[in-house]
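Okay, everyone, thanks for coming. Let me put the structure up on the screen, and then I'll walk you through the parts I picked out.

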Amino acid sequence: MVDGSKVKELQDITKRMRLEIVRMMGKNKPHHFGGSLSEVEIVTALYFYKLRYHASDPAWPDRDRFVMSKGHSVPAQYVALAMLGVFPYEYLGQLKTLGACLQGHPCMKTPGIEACTGSLGQGLSYSNGIALSARLTNRDFRVYTLLGDGELQEGQVWEAAMTSAARKLDHLCAIIDRNHLESQGNTEDSKPLEPLKLKWEAFGWHVLEVDGHDIKQLCDALDTAETVKGKPTVIIADTVKGKGVSFIEGDFTFHNAPLSQDQYDQAIQELETALEGVN
Amino acid sequence: MTDRKLVQTRDAYGDALLELGKANDKVVALDADLYRSTKSSVFGEAFPERFFDMGISEQDLISTSAGLAASGFIPFANSFAMFLTGRAYDQVRLQLCYVPLNVTLAGSSAGLTQGPDGASHQSFDDISLMRGLPNMTVLVPADGVETAQCVWAAAETPGATYIRLGRYPTPLLFDETYKFQIGKAHVLKDGHDVALLATGHMTAKALDAATELDKEGISVAVVNVSTIKPLDTETVLGMAAQVKAVITIEEHSIIGGLGSAVAEVLAEKRLGPLVRMGIRDTFGQSGSADELLDCYGLTAPYIADEVKKILG
């Protein structure tokens with residue numbers, strides 16, 4: 001169970017992470033701001049609270065796995081891995097440049113990245129494969145997969161959801177970054193996801209719903225998921241796309257877009273202000 | 001060829017996978033509700049804990065295989081060739097090939113000889129799809145003996161491997177002394193007029209044609225090209241240099257398969273002429289395997305005709 005001081009520590013990490021994300025993306029270049037900012041609390045709760053993970057040995061066979069299925073939002077994961085020391089901070093400044101370790105979408109050649117993703121809908125199936133391997137080798141690690149809500153429109157997600165339930169993969173936990181927006185607009189306008197909780201329950205999953213920006217709720221849900229036996233758990237984390245930067249919040253056009261100099265300056269100012277008072 | 005024993009490569013595959021499974025407990029098999037047809041059932045019955053029927057979901061099948069491979073297992077993913085390579089192409093590309101994982105795709109009921117199910121099930125573009133992917137090895141065994149050796153070789157080969165298998169009763173060309181090697185084409189018969197470069201069960205038909213042509217005084221070489229990728233360019237070019245013409249023969253589209261692979265290397269060395277025998281940019285239809293092979297011009301007499309035509 002997460003206590004108050006830990007919650008404060010994690011909240012401080014989210015503030016640093018948001019600033020680092022925007023800094024690494026910079027100005028005048030298109031980046032996936034929206035989805036990277038909406039998932040910050042989720043990524044923080046995983047890497048800095050829940051995952052059994054050694055930054056000095058990211059290939060440790062008994063580590064908990066985190067698969068970034070919504071691959072375009074990998075920048076938050078990059079920042080987390082740099083903060084943990086899995087790779088040097090300098091890598092962040094080379095994001096998406098020629099020859100860089102940090103590719104535009106997750107590549108397993110990058111230390112700490114568990115899966116090649118970017119074409120949406122594949123990560124949950126892949127995570128099922130990892131979870132099955134744990135069972136075959138009698139290892140007790142857990143597998144966490146972060147899905148975008150728009151990604152749930154991919155049919156393969158539901159193939160995978162059936163597999164997880166059929167195999168009773170209770171050491172697997174999916175988290176949905178439910179920010180309500182995809183690249184061209186609202187998810188409910190193109191292919192509605194609601195009633196989302198009922199869908200997952202109908203597919204045989206234990207469903208938890210949290211405020212995806214409330215770090216305590218997220219940590220508690222991750223703890224609860226660990227106690228659910230006989231079925232996989234999905235945490236639907238309600239979030240705001242672009243969270244933390246006022247003019248990006250809730251605006252789908254920042255799914256993958258550049259910031260102007262003025263926008264960049266304002267974003268940095270807002271995020272630095274949020275960070276004031278944090279050691 | 002009539003005295004040779006007939007074996008479906010899918011049957012040889014099933015038996016080989018069982019033996020591989022006995023020898024290596026890291027081998028796992030996954031299928032998409034076709035295991036009695038693909039013959040992965042043979043493995044599944046012996047090793048139920050290492051066998052996963054994923055239901056009718058090829059994309060899930062491939063991505064799950066990738067997760068198992070990333071965790072140290074050696075998955076064999078089974079379905080019909082068409083669905084394995086076509087339905088799950090994106091998953092194969094991103095999750096098996098981009099950063100190579102050792103997963104073998106066993107594409108069953110490939111090609112025209114899939115037979116009565118018709119165009120929806122007949123894969124003519126599977127080799128083409130797989131050949132274009134970096135870190136992918138493409139194998140098309142000519143008979144049951146070679147199929148078994150392909151299975152063992154695939155398990156030991158880094159990266160993804162596609163093995164093209166069929167349900168056509170295929171004459172056994174090799175005995176147990178045969179040594180298959182990935183990337184090595186096998187000259188079954190030498191000759192100096194025309195070289196027949198064949199793959200899969202078309203190799204047996206090429207041999208039949210060559211035997212008949214011998215009687216007419218036409219000297220025809222037959223090469224079994226069971227590795228489409230990486231292509232044995234040394235053997236292909238050497239053969240092309242010693243004959244008047246090269247003919248490729250495959251139960252696959254002439255676009256993107258063996259014919260294209262050979263054309264690429266011949267063109268770069270300014271060698272030829274080349275005739276590509278195969279499916280000529282069209283879909284299939286229902287029929288028996290032999291009716292279809294005849295209808296689409298893939299029998300020994302058609303091969304013999306092409307040889308005579310190109311020699312003028």
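So, look at helix α4 of chain A: its buried residues pack against α1 (4-25), α2 (33-38), α3 (40-50) and β1 (65-68) of chain A. Keep in mind that this is a predicted model. Helix α4 covers residues 74-84 of chain A, and nine of its eleven residues are buried, so the rest of the structure largely encloses it. If you want to find them, the buried ones are Val74(A), Pro75(A), Ala76(A), Gln77(A), Tyr78(A), Val79(A), Ala80(A), Leu81(A) and Ala82(A). Right after α4(A) comes Gly85(A), and its phi is positive, near 90 degrees.

Now let's pick one of those neighbours. How do α3(A) and α4(A) pack, and at what angle? The angle is about 35 degrees, and the axes are 10 Å apart. Their crossing is right-handed. On the α3(A) side, the contact uses Val40(A), Val43(A) and Tyr47(A), while α4(A) brings Ala76(A), Gln77(A), Ala80(A) and Leu84(A). Sort that contact by class and you get six nonpolar residues, one polar and no charged ones. Here's a bit of textbook to go with it: an α-helix has 3.6 residues a turn, so residues three or four places apart point the same way. Have another look at the numbering of the contact residues with that in mind.

Next, a strand in the same chain. Strand β3 of chain A is residues 172-178, and seven of the seven are buried, so this strand too is largely enclosed by the rest of the structure. Which residues point which way from β3(A)? Leu172(A), Ala174(A), Ile176(A) and Arg178(A) go one way, Cys173(A), Ile175(A) and Asp177(A) go the other, and all are buried.

And β3(A) has partners. Strand β2 (residues 143-148) of chain A runs parallel to β3(A), joined to it by six bridges. As an example, Tyr144(A) sits opposite Cys173(A). You can also follow the chain here: β2(A), then helix α6 (residues 155-166) of chain A, then β3(A) form a right-handed β-α-β unit. Another parallel partner of β3(A) is strand β7 (residues 233-238) of chain A, again over six bridges. There, Asp177(A) is the residue opposite Ala237(A).

Okay, let's go over to where the chains meet. How many residues does each chain put into the contact? Chain A puts in 19 residues and chain B puts in 20 residues. On the chain A side, α5 (123-136) and α6 each supply at least two residues. The biggest giver on that side is α5(A), with eight residues. By class, the chain A side splits into seven nonpolar, ten polar and two charged residues.

Now into chain B, starting with a sheet. It's an open sheet of seven strands with mixed pairing, in the order β3-β2-β4-β5-β7-β6-β12. At the edges you have β3 (51-53) and β12 (227-229) of chain B, each pairing on one side only. On average, neighbouring strands in this sheet are turned by 20 degrees against each other, direction ignored. Zoom in on one pair: β6 (residues 136-139) and β7 (residues 160-164) of chain B run parallel and are joined by four bridges. Within that pair, Val138(B) stands opposite Tyr162(B).

There are helices on this sheet as well. Helix α1 (residues 9-23) of chain B lies across β2 (27-31), β4 (74-80) and β5 (104-108), and runs at about 140 degrees to β2(B). Helix α4 (residues 58-70) of chain B touches β2 and β4, with its direction making about 170 degrees with that of β4(B). Don't mix it up with the α4 I began with, which belongs to chain A.

Last stop, still in chain B. Is strand β10 (residues 194-198) buried or exposed? Five of its five residues are buried, so it's largely enclosed by the rest of the structure. One face has Val194(B), Leu196(B) and Ala198(B), the other has Ala195(B) and Leu197(B), and both are covered. Five bridges link β10(B) to β11 (residues 220-224) of chain B in parallel, and Val194(B) faces Val220(B) there. To get from β10(B) to β11(B), the chain passes through helix α9 (residues 202-215) in a right-handed β-α-β crossover. β10(B) also pairs in parallel with β13 (residues 245-253) of chain B, over five bridges, and in that pairing Leu196(B) has Ile247(B) as its bridge partner.

Definitions and conventions: Residues numbered from 1 in each chain as written. Chains lettered and ligands numbered in written order. Predicted model: local features only at pLDDT ≥ 70, side-chain atom pairs only at ≥ 80, totals over all residues. Pairing = 2+ DSSP bridges. Axes fitted to C-alpha atoms, helices over the stretch in contact; angles between N-to-C directions. Contact = placed C-beta atoms within 7 Å. Buried ≥ 20, exposed ≤ 12 C-beta atoms within 10 Å, placed from the backbone. Right-handed = clockwise from strand over helix to strand, strands pointing away. Left-handed = near helix turned anticlockwise from the far one by under 90°. Nonpolar A, V, L, I, M, F, W, Y, C, P; charged D, E, K, R; others polar.
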